[in-house]
Amino acid sequence: MNGGSTTPSNAKMYNLAHNNINLLAELAEKKNIKITNTIPENAIIWADKNQMSVVVRNLLSNAIKFTKTGGNIIINAKETTNSWIISIQDSGIGIKPELIEELFSNDNAIAVSYGTNNEKGTGLGLPLCKEMITNNQGTIWVESTLGEGSTFYFELPKKEI
């Protein structure tokens, strides 16, 4: 992003997820993947809407890419005292433990990987997601079990009153 400005405002996470699910619906349908948005209506974050839309789209696109035909993806949000933790959980192929540390590193930006239907990935998306989430006072992390799937989490501040 180098130099791109971050302009936070109140953003409804349900709507951000819903809009990106609609954008990627055709990709999911090709693989018969069911995407469920369980984010509550009251999940309002204080963040740059455009940047968070890019983050959700990238994480959702990756989930589709690495989930086998007939799989499931669930998008959820959990409230804490001062923030919302958003999760995108897939029933995909999972990530090797030794690769998890490198996922958000710019050093990994040239690593090409392939999804379950040979979809190509460049490794550029996750470092960009991390940068945008960090610029919005948030954090991102992943939990994964090889062969069972991955859950990407990001935490962002609650809405400004």
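## Sheet architecture, salt bridges and backbone features

Strands E5 and E9 run antiparallel and are joined by seven bridges. Within this pairing, Trp-84 faces Leu-156 of E9 as its opposite residue. The description given here refers to a predicted model.

The E5–E9 pairing belongs to an open sheet of five strands, arranged in the order E2-E4-E5-E9-E8 and with mixed pairing. The edge positions are taken by E2 and E8, each of which has a single partner strand, so one side of each remains without a neighbour in the sheet. On average, neighbouring strands are turned by 15° against each other when direction is ignored.

On the other flank of E5, the partner is E4, and these two strands pair in the antiparallel sense over seven bridges. A hairpin of three residues makes the connection from E4 to E5. Two residue pairs illustrate the register: Lys-78 is opposite Ile-85 in E5, and Ala-77 is opposite Ile-86 in E5. In a regular strand, side chains alternate between the two faces of the sheet. Strand E5, which spans residues 83–90, is mostly covered, with seven of its eight residues buried.

Towards one edge of the sheet, E2 and E4 pair in the parallel sense over four bridges. Here Thr-36 is placed opposite Ile-74 in E4. Towards the other edge, E8 and E9 pair in the antiparallel sense, again through bridges numbering seven. Ser-144 has Ser-150 in E9 as its bridge partner. Helix H1, formed by residues 13–23, packs on the sheet and touches E2, E4, E5 and E9. The direction of helix H1 makes about 165° with that of E2.

### Salt bridges

The structure contains two salt bridges. In one of them, the side chains of Lys-12 and Glu-41 meet with an N to O distance of 3.2 Å. This pair links distant parts of the chain, 29 residues apart: Lys-12 belongs to strand E1 (residues 9–12), whereas Glu-41 is found in the loop between strand E2 (34–37) and strand E3 (44–47). The other salt bridge is formed by Lys-158 with Glu-79, whose closest N and O atoms are 2.8 Å apart. Lys-158 is located in the segment after strand E9 (149–157) and Glu-79 in strand E4 (residues 72–79), so the pair ties together parts that are 79 residues apart in sequence.

What is the exposure of Lys-12? Its relative accessible area is 35%, and Lys-12 is therefore classed as partly exposed, because values between the 20% and 50% limits fall in that category. The relative accessible area of Glu-41 is 46%, so Glu-41 is partly exposed. In the other pair, Lys-158 counts as partly exposed at 22% relative accessibility, and Glu-79 is partly exposed with a relative accessible area of 42%.

The accessibility values of the salt-bridge residues are set out below.

| Residue | Relative accessible area | Class |
|---|---|---|
| Lys-12 | 35% | partly exposed |
| Glu-41 | 46% | partly exposed |
| Lys-158 | 22% | partly exposed |
| Glu-79 | 42% | partly exposed |

### Residues with positive phi

Two residues are described here for their backbone conformation. Asn-32 is not a glycine, yet has a positive phi of about 55°. The position of Asn-32 is in the loop between helix H2 (25–30) and E2. With 55% relative accessibility, Asn-32 counts as exposed, because the class begins over 50%.

Gln-137 likewise is not a glycine and has a positive phi, of about 65°. The loop that holds Gln-137 runs between helix H5 (125–135) and strand E8 (139–145). The relative accessible area of Gln-137 is 64%, so Gln-137 is exposed.

How values were computed: Residues numbered from 1 in each chain as written. Predicted model: local features only at pLDDT ≥ 70, side-chain atom pairs only at ≥ 80, totals over all residues. Heavy atoms only, no water. Salt bridge = Lys/Arg side-chain N within 4 Å of Asp/Glu carboxyl O. Buried < 20%, exposed > 50% of the residue type's maximum accessible area, 1.4 Å probe, protein only. Pairing = 2+ DSSP bridges. Axes fitted to C-alpha atoms, helices over the stretch in contact; angles between N-to-C directions. Contact = heavy atoms within 4.5 Å.
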